[in-house]
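This briefing introduces one protein chain to a reader who is new to structural description. Please keep the sequence and the structure in view while reading.

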Amino acid sequence: ITKSIFALHEAAHKEGIHTLALSIPPSAWQKQSPSSNKLAEEVNESLRIMAETNKDKMDYAVFPIHEFDAQSGLWSPDGLHFSPDGYAYIGEQLAPSVQKVLDKLR
């Protein structure tokens, strides 16, 4: 997973494009599957390190929803996708990080 994500960022970097890496969000599945949760944590840490070592061309943002909570109103019933309120919350929370990257493109 990490290798493919890195390749996408590197392709953009070769074109002079600053990128934003976003951590993998939580999900109901990760709550039920320790191996899936561990994989997500490992990928997120690798992305963070990649962004830290490539600060001139890459930023990293932690996903704004930190844990799966079926009662929060942020999740759809499948436990994987977000509800309309969840997507609105994500957009509002990520807007400053996206704006920061867009400002670097000017």
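What span should the 13 residues of helix H1 have at 1.5 Å a residue, and how far apart are its end C-alpha atoms? The expected span of H1 (residues 2–14) is 18 Å, and the end C-alpha atoms are 18 Å apart, so the two values agree. The model discussed here is predicted.

**The chain as a whole**

- The chain contains four helices and two strands, and along the sequence these follow the pattern α-β-α-α-β-α.
- Along the principal axes, the C-alpha atoms fill a box of roughly 40 × 30 × 15 Å.
- Of the 106 residues in the chain, 36% count as buried.
- Among the contacts with a separation of 6 or more, 62% are between residues 24 or more positions apart.
- The chain has an accessible surface of about 6900 Å², and carbon and sulfur atoms account for 56% of that surface.

**Helix H1**

- The buried residues of H1 are Thr2, His9, Ala12 and His13.
- Viewed down the axis of H1, these buried residues fall within an arc of 105 degrees, and therefore they line one face of the helix.
- An α-helix has 3.6 residues a turn, so residues three or four places apart point the same way.
- Lys3, Leu8 and Lys14 are exposed on the other side of H1.
- The cover over the buried residues of H1 includes strand S1 (19–22), helix H3 (34–53) and strand S2 (58–61).
- Gly16, just after H1, adopts a positive phi of about 80 degrees.

**Helix H3**

- H3 consists of 20 residues and reaches 29 Å from its first C-alpha to its last, which is close to the 28 Å expected at 1.5 Å a residue.
- Buried in H3 are Ser36, Ala40, Val43, Asn44, Leu47, Met50 and Ala51.
- Seen down the axis of H3, the buried residues lie within an arc of 125 degrees, so they too line one face of their helix.
- These buried residues pack against H1, S1, helix H2 (28–32) and S2.
- The face of H3 turned away from the buried side carries the exposed residues Pro34, Ser35, Lys38 and Thr53.

**A nonpolar surface patch**

- Ile17, Val98, Leu102 and Leu105 form a nonpolar patch on the surface, and together they have about 310 Å² of accessible area.
- One of these residues, Leu105, is found in the segment after helix H4 (84–104).
- Leu105 counts as partly exposed because its relative accessibility is 45%, and partly exposed residues lie between the cut-offs of 20% and 50%.

Methods
Residues are numbered from 1 along each chain as its sequence is written. This is a predicted model: local features need pLDDT of at least 70, side-chain atom pairs count only at pLDDT 80 or more; totals for chains, interfaces and linings use all residues. Side-chain values use heavy atoms; hydrogens and water are left out. The expected span of a helix is 1.5 Å times one less than its number of residues. Buried means under 20% relative accessible area, exposed over 50%, partly exposed in between (1.4 Å probe, protein chains only). The arc is that of the directions from the helix axis to the C-beta atoms. Contact means heavy atoms within 4.5 Å. Patches are made of residues with over 30% relative accessible area and no salt bridge: like charges are joined within 9 Å, nonpolar side chains (Val, Leu, Ile, Met, Phe, Trp, Tyr) within 5 Å. Accessible areas come from the Shrake-Rupley method with a 1.4 Å probe; for residues, only the protein chains shown count as cover. A salt bridge is a side-chain nitrogen of Lys or Arg within 4 Å of a carboxyl oxygen of Asp or Glu.
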